[in-house]
Amino acid sequence: MEYQKEEYVSCDHLFKMKFKVGKIVKCTEVNQSSRLLCFQVEVGNKTCQILCGLKGYYETEEVIGKKVMVLENVKTARIAGMKSEGMLMVAEDREGNVSFMIPDRDMEAGVEIF
């Protein structure tokens, strides 16, 4: 993953972002892409479809049931002909290892992160 020059956002912008705990209930590979996985993520009482470039970092079976950090109020996008209704938050270290941002305690899907 490449990073752009550091930019700062105001607290007003940050407070508009809606982060929640999500639970991955399904994950499939996107055939038209060498990088994308398609996640079905429960966020409270709804299920969102989120596409994320994590193929090669995670196997589809190993992520089922994981609780993850979701940026919920992102404008729906079309990626590889499919809709993506949010963002999964991940971290990448200097060696290229990737990890989901997960709650350190068992939290219910849909709980707001602030």
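Start your tour by selecting Val9, Leu14, Phe15 and Met17, which form a nonpolar patch on the surface with about 440 Å² of accessible area together. Patches here are made of residues with over 30% relative accessible area and no salt bridge, with like charges joined within 9 Å and nonpolar side chains (Val, Leu, Ile, Met, Phe, Trp, Tyr) joined within 5 Å. The areas come from the Shrake-Rupley method with a 1.4 Å probe, and for residues only the protein chains shown count as cover.

What you have open is a predicted model, in which local features need pLDDT of at least 70 and side-chain atom pairs count only at pLDDT 80 or more, while totals for chains, interfaces and linings use all residues. Residues are numbered from 1 along each chain as its sequence is written, and side-chain values use heavy atoms, with hydrogens and water left out.

Now keep just Val9 selected. Val9 sits in the segment before α1 (11–16). Helices (H or I, at least four residues) and strands (E, at least two) are DSSP runs, numbered from the N terminus. Is Val9 buried or exposed? Val9 is exposed, because its relative accessible area is 62%. The cut-offs are under 20% for buried and over 50% for exposed, with partly exposed in between (1.4 Å probe, protein chains only).

**The annotated span**

Next, select residues 13–114. UniProt, in an unreviewed entry, places the feature "domain: TRNA-binding" there. UniProt positions are given in the numbering used here, feature names are shortened, and annotations may be inferred rather than shown by experiment. The C-alpha atoms at the two ends of residues 13–114 lie 13 Å apart, and the span is 4% helix and 45% strand.

**Strand β1 and Cys27**

Move to Cys27, in strand β1 (residues 19–29). Cys27 counts as buried because its relative accessible area is 9%. Which residues does Cys27 touch, not counting residues up to four places away in sequence? Show Leu37, Cys38, Phe39, Thr60, Val63 and Ile64 to see them; contact means heavy atoms within 4.5 Å. Add Gln40, 13 residues from Cys27 along the chain: the C-alpha atoms of the two are separated by 6.3 Å.

**The aromatic cluster**

Phe39, just seen as a contact of Cys27, leads to the next stop. The structure holds 2 aromatic pairs. Rings of Phe, Tyr and Trp (its six-membered ring) pair if their centres lie within 6.5 Å; planes under 30 degrees apart count as stacked, over 60 as edge-to-face and the rest as tilted.

Select Phe39 and Phe100, an edge-to-face pair with 6.1 Å centre to centre and 85° between the planes. Phe39 lies in strand β2 (residues 37–43) and Phe100 in strand β9 (residues 98–100), so the pair ties together parts that are 61 residues apart in sequence.

Now add Tyr58. Tyr58 and Phe100 form a stacked pair, 4.5 Å centre to centre with 25° between the planes. Tyr58 lies in the loop between β3 (46–52) and β4 (67–71) and Phe100 in strand β9, so this pair ties together parts that are 42 residues apart in sequence. Phe39, Tyr58 and Phe100 form one aromatic cluster. Phe39 and Phe100 are buried, Phe100 with a relative accessible area of 3%; Tyr58 is buried too, at 11%.

**Salt bridges**

Where next? Side chains of opposite charge can pair when their charged atoms come close. The structure holds 5 salt bridges, each a side-chain nitrogen of Lys or Arg within 4 Å of a carboxyl oxygen of Asp or Glu.

Select Glu72 and Lys20, whose closest N and O atoms are 3.4 Å apart in a salt bridge. The pair links distant parts of the chain, with Glu72 in the loop between β4 and β5 (77–79) and Lys20 in strand β1, 52 residues apart. Glu72 is buried, at 11% relative accessible area, and Lys20 also counts as buried, at 17%. Add Lys46, and you have a network of salt bridges linking Lys20, Lys46 and Glu72.

Then show Lys67 and Asp106, which meet in a salt bridge of 3.1 Å, N to O. Lys67 is in strand β4 and Asp106 in the loop between β9 and β10 (112–113), 39 residues apart. Asp106 is exposed, with a relative accessible area of 71%.

End at Lys83 and Glu85, a salt bridge with the closest N and O atoms 3.4 Å apart. Lys83 is partly exposed at 39% relative accessible area, and Glu85 counts as partly exposed at 22%.
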